Every structure is written in C-alpha cells, then in structure tokens.
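Visitor: Could you take me through one part of this model at close range? I would like to follow a single helix first and then see what lies around it.

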Amino acid sequence: MKMALARRSPVFVSDFLFETLALVWKYWRETQVLMLALGIIPSLLAVFFVANNHPIQPLAVVPFVGAALFALAFGAMAFAGETERRTDTLLRALPIKASRLMVALSIVALSGVAVCLLMGFVIGSAASWLTHSYSRFEEWPWDVSLNALFWAGLAGEFFAWGLFFSILVPRVIWSAVMGAAVAYVLDVFIVIAFYNLEQVFFPDQFIPKFGTFTWESSGRLLPVRLLVVAGVLMIDAILVKKWLKSSDEPLRWLKSRLLLLRLGGFSAPLRVRQIVSRFSTPAILNLSASPVRYLVWLHERHLGGWAFFLKMLLFVYILVLACISALSTQWLSPDAFREWCDKYGLYALILVPPMAIAVTGISTFIFDCGGSTRNFLAALPISPRVIWWSRQRWAFPWLIAWCVAGILCDLVFSGFRQSIFLPGDIRPSPDWLAYIISAIGWYAAGQLAGMASPNIIHAFVVTWFLLFLGLYLPGEFFPVGWDELWPGLAFAIRFLVFSAGVLAQTMVSLRPWLRRHLDNGWSAIVRSPVLWTLVVMWLILSALRVHFIQGPQRSKFETLRVSMTVIQGSPSAAKADTQTAGVLQTISVLEAIERFDAEYNTSLFADKTSVDDDYSRQLWTRVSHNSTFIQQLADLTKTPYSDPLVADLFEDSATQTVFSVDDKFVSSRFFYTVFFERLVNQAIEHHHLEYARIFFTADLCLRLRAHRTRPLIVAAGSTDYGPTTERDWRAWADAVWAWCHAPGQTSENIRRALREVYDTWKSERMPFDERILLMYRYWHDVIFRERSSQDGFCLPPWPKWAVYLPGEKTSYQKRIDRIFSDWLAVAQQYEADRLPPEAEQEIVDDALFIPGYPFLHDAPAWISSYVYHEFLNHRAIDLTVRATLLRMALRAYEIDNGHLPDRLTELAPHYLLVIPSVPGKQDAFIYFPASTEASARVHPELKGPCLAIPGLLGVARDGWPTDADQHAQAVRASTRSVFPESGVLIVWSLAPPRLSGAPPQKENP
Amino acid sequence: MNPVIRVENVSKKFRKVEALRGVSLEIPRGVVWALLGRNGAGKTTLIKILLGLLDPDDGKAEVLGHDCQRESLEIRRRVGYVPEQPGLYEWMRVDEIGQFCAAFYPAGYFTAYLEHIKKFGLDPQKKIKELSKGMRAMVLLALAISHDPDLLILDEPTSGLDVIVRRQFLESMVDRAATGKTVFLASHQVHEVERVADVVGFLKEGQLILVDEVEKLKREIRRWVLIFDNPQSLNAFLNILTSFPLEIIQQKREGLECHIIARSSGDSEPIRQATISGLRSIDAFPCSLEEIFTAYMNRETEPAFSRQMEEAP
C-alpha cells in the first residue's frame, strides 16, 4: 500500500518519463539494424541513380519509400516480434502501462521515419555533391514539402495498420503483409472517395492533374490520412492493453465489439474459414486412399494456419480485383482511375500472383525443415519420389488458382493499359501462356529455396536470387525479341529449361534432404541439375538461339552488322585512337567558338539575329585576327571523324571519355549556328570571300556532325534541334547565296566552293538507312538495357522495376523491331531516290504522332513518331544542301553568261555533273528563270526567278502557311497535285540578296 | 493476517476445455506453496489469473489484497514472476536487461539485481544470447526478486536446469520464505518440490483435489503391504477395507499381496490394530511426496482394480 501511495505521488511524472524512456531505448535498439538497412539501401540507390545520371524521379522517391517501409516493418514487429521471440511473457510480467508502450512506440516510429528520411537526403545530397550534380534536388517534379507530407501520412498509415495486426497475429510476416494490404486498400478507397467527392462538390475549383501525383500530393488528403492514423492508433492503444494480458485477448475483445459479425448468429469469419478450408483438402482423410493423397492431406493439415492464410490471401485478392473492376466501370471517374492505377494498381497488384506462386513453392518443403516432421517423413516406408510428387500435387491447385488470378488482374487492367501505354489496337494481347510458364519458374525456384533455407524470409530472398541469376539475367544478356518465329519463344524455352532443371534438382535433393544431409550444406544442393541448368541457360541455349532462331533472320541482321561496321569501322584500339583524335579536334573548334562567343548575351539572339550589329563586328575582328582558328576551320573538313555515340555502342569502356562531346555538340550548337551566320556576312561586307567560304563550309561540317552525333530526335526535342531547325538551315543557305552574290565573286570561286560543299556533305552525311540501323541499335540498348549514361537526356528507358506481364516485353520488342524494319525499307528507298509517292502517306501515322504526352514514352508508338521526326529532319537537310548546290551552279552560270539558264539541264555537265533531284524522289526541282504567269498560278510568291519544289510535309518556311499558301494549296488540290496532303511550297529565291548597306572596309586580317 | 493469495471458486474455460473448475485456495504469508499437477492440469492458467494476465470466467482471485482483474498492474509491481518459458531479449546484456526492467520498479532495483547476479556468478557484461539455459533461468530469477517482492510466483522454474543449479535455485526459495516472503511454485517435478515446499496443492484436470502441508501428508499417508495365506482371506479383507477409518488413496493386488496407500489421521494405524484373518504379514512404509502425488493422480484407476478383484476366483 505504501508503495502504491508513492506511485500516486508527484513522482508519477518522473516515473512516466523513466518507463517510457526505457521502452524507447529498447525499441530503438531493436530497430537499429532495420533503420540502417532501410535508410542505407535507398540512399545507396540514390547514389547509384545520381552517379548514373539517371532521371531524378526515383531519387526523389526512394528516401520516402524507405521511411514508409520502416514504419510498416516496425509496426509489424512491435508485438508479433515479441510473440515470435517469446519475450512477450517477460513484457507481460513487468508492470507496464499500455499508454506508455504506445507513446514509446510512436516516438521510435517517428524517429525511425525521420532517420530514414534524413539518411536518404544526406547521402543523396552528398552523392549529388560528389558527382557535381548540384541541381539534382532542385529538379524534383513535385513540391518537396507536400510530397514529404504525403509520404509521412502514408508511413503513418503503414505504421498504424502494421501495429494493429501485430497485436492480433503472432507472426511478423503475417502482420506486415496484412498491415500493408489493409493500409493499401484503405488508402485506395480514401483517395478514390475524396477525389470523387471533390469533383462532385467543387467542380470549378478542382483541376485534376493528369498522370501525376500532384493532386494527391498537394496535401489535401493529409488531414484525412492523419485522422485515419489517429483512429487506428486509438484502437491499437486499446488492443495493446488487452495484449498485455494475453495474446488471445485482443482478438476476443475485437470479436465481441464487431456486432456486424454476430448479427443473427451469423459468424462471418468462421463461415469464410469453413468455405475457404474446403477448397483443397478434407479435414479427415479416408486412410484407404493412396499414399500420395494421404501425403497431400498430411501436408495441408501440417501447414494449418499458413495454408489458411494463403487461401485468405487469394480470396481477398480476387475480392479486391472485383472491387477495382466495379470501380473502374461504375463509380470512379476515368481520371481518378488512371491516376490511381498509375500510382498503385499496376505496380502492386500484378506483383501479387507471382509472389504468391513463389510462396507456394517455398511452402512445399520449408515447414518440414525446422520441426520433426522431416524425421517422420524419412521414416515412412515410401519412396522420396512419392513424397516429392505429393508436394507437387498439393501445389497444383494453388498454381492454377494464382495463374487465373493473375490473368484476371491483367484483364482488369488491360483497358487501362491500353489507354495509357498504347494507342489504338497495337497493345499486345495478354500472353496467358507466358504467364503460366513464368509461374512455373517462380514456383520451381521457390521450392528449391524452401528446401534449402532455414526460414521463409531467407527462402524468399534465395528465390529472387535464383530467378535473377537463372532467368532474368540470361534474358538481359541474351535479349529476346530477335526471334520472330514465335513471340516469346526464347522466353518460353528459357523458363521451361530453368523450371525443369530446378524441379529436377528438388527431386534429386529430396533423399539427402530427408536424411538431413543438406542442412547447412549449400554445396550439396548446388549440384548437378541446377548447375547444368545454368550452364544450359547461359551457354548452350544462347548458342542454339543464335543458330536456330537468329539464322532465319540472318540477312536482316547481317545488314545491321555490316552497316554498323561501315559506320564504325573495325572496333580496334587503333581505330578508336584515330576517332578520338578526330573528335577531340572537333571539340577544340567548338571550344574556340564558345570562347569567342563568351561575351554573347543569349537574350539578344533567338529570333532577332542581326548580322551587322556591333557584336557581329567585334566578333569578326576577333576571329579574323586569329589565324590559328581560321586554319582550324579550314582543316575541319579534312579531320577524320567518327561519331562518339556509335563508338560508344561498340566499345563502352574505350570511348567513355569521348562521350561527353555528345552533349557539347548539342549544347554549343546554338552558338555556332548564329556565330557563322554573323561571320559569313561580316566577311562578305569586308570583302574577305575566302574567309566566308571557310566559314560556311565549316558551318556545314559542324552542322552535319552535330546532326549525326545524336541519332535521337528526343535529344533534339529538349534542345530545339529538330525539324524546326530547318529554319537554321535556310539561314545557312541564305548565307551561301549571299556569298555567291558578293561583289567581286567569280564563277571559278563558286564552282570551287560548290565542290567543297558537295564533298563535305557527302563525307559528313550519314545515309538514312544506316541511321535507322544505328537508331535501332541505340533504342534497343536504351530501352532494354541499363544504359544510364544517356538516360538523363533521352527517353525514359523501359522501366526496370515496373511490373510488366511476362511476354509483354517480348511483344514490345517485336513491335519495335517491326517499326524499324518498316523504316529501314523506307530509308533504303529514300537513299536510292525511289521513294514512291504514296510512301509519304503511309509513313505518316497521325495516330502515332502525339508528342508531349509523357505516358507515351513507354510506347512503341513513341518510337515511331520519333523516327518519323528524324526522317523529316534528315530530308530537310538533304533538301537544303541539294537546293544550295543548284543555286550555286545557277549563280556561276549567271556570272559566266549574264543570265540564268532556261532549263536546269543546261547546268550539266559544266557546272554540275548531275542535276540534283528532290531528295528521295526522281522529281526534279521546279525552276522558274523569270516571273511567269505559270509560276504565279502555282504560288503568288513566285514572282522573280526562283527554285521551288512542291511542299513536303514537315519542311516549312518561316511564317508559313500564309493565306497565299492556303490559296496555293487549294489550287494544287484542284489540279490533283502529287502531294495533295502538303500545304507548303518550298521556294528558294534566285534574286540577289539584300546585303547590309555598310560601306566596304578594307582590312587586312 | 490476510492471506497473500485468495482464490474463490475460480473457473476458466478455453473453448471446450475446462482449464479450471471451481478452484479455491488461500495461501498464507511466509510459506513455500507448491502447486503440483500433471501437464495441462491448469497450473499456468491459475498463475496467469493470479497475475491478471487472464480473466477468470467465474469466481474471484486476490493477490496481496488486490483484485486480480482490476488491479493487475499493482499486483505485477509487487509480485515477482518467473515464467515457464523463459524469453529474454537476446540482444541485451545481462546488466542491460536489469536496467531496462528497473525502470518499472522502485529505486534500488538495479543495485539489488546486480547483487543477485554477482551471487549467481554471472558476468553482467555478457550478452543474453551467450548464456546457457541455466544462466538464463538465473537471470530471470534475479529479475523477479530484485524488487524484493512479497510474493514470488514460479512456473516450472527448474525445468532444464542441471542438478547443481536446480539445488541452488530451490534453496534460494527456502531462504526467501524464511524472510517472511511467500513463494508460489508450480511444478510437476515432485521430488524437488518435496524438499522445499511447506504446503502443496494437487491440481487435477482443473480441480484442486488436495491442499495440505507436506510434512503432514508424509506423516499421515503410508503404503501398506499385506500378504495373505489365501485369496479368500484377501477378498474378505478387501470387502471390509472401507470400514477402516482410512482414506484409501490407492489399492493394488498382486497375487496374495495387497498394496494400499492410505491416509490416516495423526499417527494411528487402524489396519495394524485390526484382526484380519489369513494375514501372513503386514508392513507399513512412509510414502514420498512423489508416491502420494502419483497415488492421487491415479485415483481413477479404482474401477480397474475392482474389476480385477471381481475376476479373481
């Protein structure tokens, strides 16, 4: 009594502090390892991402994911962990109050989450600093604070539900899985409900942000989340009080409170249990049954609660799928559904069936490992094969059930996937056979791991390892998709060989396993079949594939190989050195340009380039006095040069240092485009025609090199270097035309320059078919391999950690192959100038031409549209250069004869050996030597002498189409032009250019 | 003086199993009280009810004057408990676990704990996972007694301990009782209990069938061996056996011999004093507690004995 009185005195406060601190200390110590693991792993990932110049989004998310995982694991371990370790009796023997326990748990949970976040941020920042990517965290797509709140709310939910189930169930793994599942489902419903409510009640204010988490991460859901967390924590607190009495007490209490389950004597959980239990095995077996049936029954009964758990999981999974299916059609707005799917559905639900199948495999043997049942089995007068077969029989219903569940899941999501990823009808149909085949792989790996591992977590990790080593890794190194005989053939062979090998291993290992010879002896299990399976997988299978599958495709891929050799040359070290020298020389020119342009104010240029401003004059003075630089420019076209990107595709390590030039090309392109334009005009003004010639030839050379360096227009997309740059090419052509009309210009000079331009164009230009092959190789690598060095700049690669259906990748690859194959044919026709008129329409697929939508980045359609852009770009360059050559020849003719020729054919053979045609076609350029009625009918702008072609799609002139263009279009359409789809006519004027009125200045550079 | 433990008609049922059936008992201060019973007899259930870890379905239990249902926290503060399955935090050191538990008890706990640890010869810096089973039991005992509880409850405390440790452990129980504290011991290791317990209670299938002092039991219960000249005499004797002022606990017939375990009040020997025809010899032997316990536990075998008797010629 005396002691009790002392307890009630003011000392209570210090007691509270003391007891809570002791508990905090205990939980802190217990979760240190978990905290470190969940803090460090995301942080290491962050370092990895940063170091590889990966898109920043995963980096932004990883610390939060770590924190949420910690919250879940910590909550799940809190009480179930005590029960598992049997320390619950000690805890119950102590006079601990539930409230203090809850306070201590909450403190540690909060601290752990904070530690995980901090570690993520600190290490991520350090990584940014080390890699000199200071802006990493500034590039976050979402607002950081709101994002943090969103994740903190989610972590709170995970913690509360993990704790809830930790009190109710005796196993950590169960409580973690159940906690995560309930938190997940509940969160889904919260999101959906509030999304819809807001749309209903505040339709004007509500602006859903499609395809992002913006709406949700804007913090609107945080109060709801916190409310839920608080509610669940309150229930937890009550249950903890019950748990401190006994493990059974919380459930009993909960049952007594859940009136719904007791209405009218209807005991739902019991009823469900009964129904679910009848799925596979009877409660009592007829003992006259065959040994296999007896053993199946025995195993099912032995698993007991675990089997029931698996059944419940299946039941709940199908229920969730049904709910989602209903939601997607009835209640949920399409935007909300899409957002929800983007965030939760696809990445979590599709994961469940393969995981469950792996767990089924693990469950076949693992529960005999620790106990005495293995002795019992070994003592039975039955062949080990019968035991092995009985376990497979036990697992069959599970495999089938989960495969069906997985297919159902795919069906539910197929509509969504079709709408998001792939437009039209090009989405591959669900590859159900592949699903089943992969399920067998998961099952087999799980079984072997379960046989060899001491506990289920261990077994799960080993399963992943086996699958990674035996299935996915060979798949990555010897990618599927070249086999067009049957999509996914290599996939199926790989999985089946692996599964057969691993299952054979389990059969062989069963006898020693029963005799416990395999305990603690991994070497014993890594014998024969697995080893052979791996050998087959890694060596023989790939060799066979090359021989049998790649063989029929030889011609196509031989072309690829040869073309790549043409592009790259022999990938020898010596060659690489030469290339390096050429590339380095080009870099030095670019650097010099940057130095000259250092004072340039970028805000001045863009659309207002004035070639005779002060800056241009200063630039001219500085450049023209630098004879070394002029010499460098003159030598540029003679420099041996190979694309660093191409080299990189072949020899990763050898050319890594050179690769950075790629970025330099693209970034500095802004500068030298205007740079040379200014210089050419200044040189003409100053009567330095020789210098002007050097400038525009070097300009052409650098432009072509920059163009071929990057085979992806997507890079162009982010640097404005794409079809739109046709305008820049026009500027180059105009500069050349101005040079041709410079005072004192001679026919000889022009013809010499013409030859030089032609040679430069021929040597620096990459044929379009080669370019397609290069792009194919590049895309293949970017999408299907971890080529991180380009990822920051190019498209998002095939999401590595995204979940996709088995076989989908193959279909995706096949689709890409087909696109490139079609384009290769087009490119070859283009290069031979035999592009049929209707080809243009065929290759323009409006359905595919939807730039700007990020979700399309994962679709093959995206590739198609970019290849199409690339084609336009390529053609624009060819067209400009060919027209320029013609104009130069025409000008030379004009100087010699005093007038323009009547027909272009008069230029051959004295001025041009062959008259260039429109690129890709046999059509000649339209030539008007003087203003005629005929020309005016075609287009009102065709007044003076000019060179023209009917408009080509995507090749536009500044400011067009105008009303005049519309008129011209209407005229052409009425006369059934060969290009009815084109609304643009390309015109090059043959009238003398307007030069600046500045008086010529005699200067001797 | 108020009893340390008072249990009145306590019953507890787990689904279809009746773990306790109307158990009543009172335990005075300063004794070593042993609860004996077979596995599954309900010993642990009773202990859990006493500690407030389980609520009885029926009846009332008080420990140190506190109601077990409502004041379990106070009870746990004043009671030391050594559970049947010792679960300790493996990652803690011996001294750390004492420090952790000290937070929940009045000042002085940790000092006392260290003294006990020293007395048991344990290294405070050792991790729990490095300790043997016996050492862990010692740690548990030290944790249970460091706040000098008025009542120490031990649930199968000696299972798994070696002989030396077991002896040391049990002796410490006697020492505690000598200082006026109460020890409540649940076990099925009868021979050990015999050495230390003052009072024993036999729990059989949830019912407390006997509560008495050990010495008194040993004094009053004897094993009688009677040898007869012929079966007729033996049968005649068995027919009149119930007329003796004895509590027959067990009787067994082997040929012409009859073995009886019976309890008589005080030192009286009613069988020896009676005249039995055809009796060749009669001997009385003192019973060990184990024999007594076994006899009480097997008391239901009587019908089998009767059948055997009926079959005899």
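Guide: Let's start with helix H3 of chain B, residues 94–102, in what is a predicted model. Of its 9 residues, 8 are buried, so this helix is largely enclosed by the rest of the structure. The buried residues of H3(B) are B:Val94, B:Asp95, B:Glu96, B:Ile97, B:Gly98, B:Phe100, B:Cys101 and B:Ala102. You will notice B:Asp95 and B:Glu96 among them. The cut-off behind the word is a relative accessible area under 20%, with the protein chains as the cover.

One of these buried residues, B:Glu96, takes us straight to the other chain. Its side chain meets that of A:Arg29 in a salt bridge, with 3.1 Å from N to O. The count of salt bridges between chain A and chain B is 2. Beyond charge pairing, the rule finds 7 residue pairs in polar contact across this interface, both partners being at pLDDT 80 or more.

Which elements of chain A stand on the other side? Those giving two or more residues to the side that touches chain B are helix H1 (2–8), helix H2 (11–51), helix H3 (57–85) and helix H4 (88–93) of chain A. H2(A) gives the most, with 8 residues. By residue type, this side of chain A divides into 14 nonpolar, 3 polar and 12 charged. In contact terms, 29 residues of chain A meet 28 residues of chain B. Together the two chains bury about 3,000 Å² between them, and 64% of that is on carbon and sulfur atoms.

While we are beside those chain A helices, have a look at the loop between H3 and H4 of chain A, where A:Arg86 lies. The phi of A:Arg86 is near 65°, a positive value in a residue other than glycine. Elsewhere in chain A, the loop between helix H39 (860–897) and strand S1 (926–928) holds A:Pro909. The peptide bond leading from A:Ala908 to A:Pro909 is cis, with omega near 0°.

Now back to chain B, to set its helix H3 in context. The secondary structure of this chain comes to 12 helices and 14 strands. Of its 313 residues, 55% are buried. Among contacts in chain B with a separation of 6 or more, 70% are between residues 24 or more positions apart. The accessible surface of chain B comes to about 13,900 Å², and carbon and sulfur atoms own 47% of it.

Two residues of chain B are worth a separate visit. B:Ser187 is found in strand S8, residues 182–187. B:Ser187 counts as buried because its relative accessibility is 3%. Leaving aside residues up to four places away in sequence, B:Ser187 touches B:Leu35, B:Leu36, B:Gly37, B:Lys43, B:Glu156 and B:Val193. The other residue is B:Glu205, in the loop between strand S9 (199–204) and strand S10 (207–213) of chain B. B:Glu205 is partly exposed, with a relative accessible area of 45%. B:Glu205 also has a positive phi, of about 50°, although it is not a glycine.

To return to where we began: helix H3 of chain B is largely enclosed, and its buried residue B:Glu96 is the one whose side chain joins A:Arg29 in a salt bridge.

Note on methods
Residues are numbered from 1 along each chain as its sequence is written. Chains are lettered from A and ligands numbered from 1 in the order in which they are written. Side-chain values use heavy atoms; hydrogens and water are left out. Contact means heavy atoms within 4.5 Å. Buried area is the accessible area (1.4 Å probe) that two parts lose on being put together, summed over both. A salt bridge is a side-chain nitrogen of Lys or Arg within 4 Å of a carboxyl oxygen of Asp or Glu. A polar contact is a pair of N or O atoms within 3.5 Å; within protein, one must be able to donate a hydrogen and the other to accept it, and residues adjacent in sequence count only if both atoms are side-chain atoms. Helices (H or I, at least four residues) and strands (E, at least two) are DSSP runs, numbered from the N terminus. Ala, Val, Leu, Ile, Met, Phe, Trp, Tyr, Cys and Pro count as nonpolar, Asp, Glu, Lys and Arg as charged, and the others, Gly among them, as polar. Buried means under 20% relative accessible area, exposed over 50%, partly exposed in between (1.4 Å probe, protein chains only). Accessible areas come from the Shrake-Rupley method with a 1.4 Å probe; for residues, only the protein chains shown count as cover.
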